[in-house]
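Let's take a walk through this model together, from its pockets to its bound ligand and on to a few backbone details. Have the 3D view open and follow along.

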Amino acid sequence: MTELRELERALSAVEAEARSAVEAAARPEELEALRLRYLGKKGRLTALKREVGRLPAELRPEFGRMVNRASAAIEAMLASRLEALARDETARRLEAERLDVTFPGRPWPRGHLHPVYQVWEAIEAIFVAMGFDVAEGPQVEWDDYNFVALNIPKDHPARDMQQSFYVAGEMLLRTQTSPVQIRYMRARCPELPIRMIAPGRVFRRDDDATHSPMFHQVEGLVVDRGISLGDLKGCLDLFAREMFGAAARTRFRPSYFPFTEPSAEVDVSCTVCGGTGCRTCGYSGWLEILGAGMVHPQVLANGGYDPEEVTGFAFGMGIERIAMLRYGVDDLRLFFGNDLRFLEQF
Ligand code: DAH
């Protein structure tokens, strides 16, 4: 009996020691070390368990129950301390990362369309109101569409005006949006009328104050029975007034393009001086805005149409050029410099 009492006291002592050690533990790793110290193979409680041999057989079951109870008690202390530590940690983190969902958000900088695209959209809106369809063509184009089908064969001098970026043999970055004329006609023929504009990027080996290696054009094409030069003039007159104001006038000068006959260069009365002459217009009163003409019979035929039956007009304008006139910008490269001090003015 005395041995049992002695062992019981020893058990209580170990349990009490474990309790204060567990209470003092500040981190989960310390609790793991304490588990080993008391319950591990070489632990304090495990060592006491072996003392069972000192007891007579009839007392051993009781001692067994006492050891199990102490072991369970220490397990429970470890578990509840671990839980308390986890709770403290969560509370600490919540405090550190406290989030006020009613706090106003950071203002997100609001951008706007690039001036070139603002003008692109304005041009589109004017022609859509006149009943034009908006078409697109690829930026990487066949030599055939970009030149040959537009009456510019391989050795034609007009190619010199459009120094090209060739991608491979017969493919290039298109130098103009005019190839969309061919693509559009071939896709629609024999549909009539054709009334389309094709805005998009074009590329040339040019780089100075009025030329950039990448710029934007809007192509226009109308094909139907009985289309005349008068229709072309009326259409571009209306465009000029919508774009530059009711006082804007146009002037057609004879010119040459391989894909139109006759061809014209179209000027608009100077947007700065109104036509009296100033530095912007070189004291001429006029600013050149686009090329145009009556579609060449061969081009109509290349599109699949019978030039004996239909006629058409076409035009092509540079979007940057229109934007420069509209906003009074004197260097085209400013549009592509990505200088916010410039861009934020539009
Ligand atoms: N493609 C010509 C150029 O890039 C512009 C042009 C002129 C287009 C006359 C036309 C046109 O459709 O009829 O210089």
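The second largest pocket of this predicted model has a volume of about 230 Å³. Its lining is made up of Thr210, Thr271, Val272, Arg279, Thr280, Leu287, Arg321, Met324, Leu325, Gly328, Val329 and Asp330. Sorted by class, these lining residues are 5 nonpolar, 4 polar and 3 charged. If you want one element to orient by here, pick helix 10: with 3 residues, helix 10 gives the largest share of the lining of the second largest pocket.

Helix 10 is also a handy bridge to the next stop. Helix 10 (319-327), together with strand 6, strand 8 (260-269), strand 9 and strand 10, supplies at least two residues each to the lining of the largest pocket. That largest pocket holds about 870 Å³ of space. Of the 35 residues that line it, Arg204, Phe215, Gln217, Glu288 and Gly318 are the closest to its centre. Which element gives the largest share of this lining? That is strand 9, with 6 residues. The lining as a whole has 15 nonpolar, 13 polar and 7 charged residues.

Now bring the ligand into view. The space that the ligand takes is the largest pocket itself, so a look at the ligand's surroundings keeps us in familiar territory. There are 16 residues around the ligand, and the ones that come nearest are Gln176, Ser178, Arg204, Gln217 and Glu219. You have met two of these names already: Arg204 and Gln217 are also among the residues closest to the centre of the largest pocket. Three strands each give at least two residues to the shell around the ligand, namely strand 6 (214-224), strand 9 (286-295) and strand 10 (311-318). By class, the shell has 5 nonpolar, 9 polar and 2 charged residues.

Zoom in a little further for the polar contacts. Ser178 places a polar side-chain atom 2.9 Å from a nitrogen atom of the ligand. The side chain of Gln181 has an N or O atom 3.1 Å from an oxygen atom of the ligand. With Phe315, look at the backbone instead: a polar backbone atom of Phe315 is 3.3 Å from an oxygen atom of the ligand. How much of the ligand's own accessible area does the protein cover? Of the 350 Å² that the ligand has on its own, the protein covers 91%.

Before you close the viewer, a few spots along the backbone deserve a visit. Most peptide bonds are trans, and most residues other than glycine have a negative phi. Against that background, the peptide bond from Cys189 to Pro190 is cis, with omega near 10 degrees. The peptide bond from Leu192 to Pro193 is cis as well, with omega near -10 degrees. To find them, go to the loop between helix 7 (179-188) and strand 5 (194-203), where Pro190 has its place; Pro193 is in the loop between helix 7 and strand 5 too. The last stop is Asn151, which is not a glycine and yet has a positive phi of about 70 degrees. You will find Asn151 in the loop between helix 6 (143-146) and strand 3 (165-168).

Definitions and conventions:
Residues are numbered from 1 along each chain as its sequence is written. This is a predicted model: local features need pLDDT of at least 70, side-chain atom pairs count only at pLDDT 80 or more; totals for chains, interfaces and linings use all residues. Side-chain values use heavy atoms; hydrogens and water are left out. A residue is near a molecule or strand if one of its heavy atoms lies within 4 Å of it. A polar contact is a pair of N or O atoms within 3.5 Å; within protein, one must be able to donate a hydrogen and the other to accept it, and residues adjacent in sequence count only if both atoms are side-chain atoms. Accessible areas come from the Shrake-Rupley method with a 1.4 Å probe; for residues, only the protein chains shown count as cover. On a 1 Å grid over the protein atoms alone, a cavity is a set of points where a 1.4 Å probe fits but cannot get out, and a pocket is an open set with protein on both sides within 12 Å along at least five of seven lines; lining residues have an atom within 4 Å of a point. A molecule sits in a cavity or pocket if more than half of its atoms lie within 2 Å of its grid points. Helices (H or I, at least four residues) and strands (E, at least two) are DSSP runs, numbered from the N terminus. Ala, Val, Leu, Ile, Met, Phe, Trp, Tyr, Cys and Pro count as nonpolar, Asp, Glu, Lys and Arg as charged, and the others, Gly among them, as polar. Grid points are joined across faces, edges and corners, and a volume is the space filled by probe spheres set on the points.
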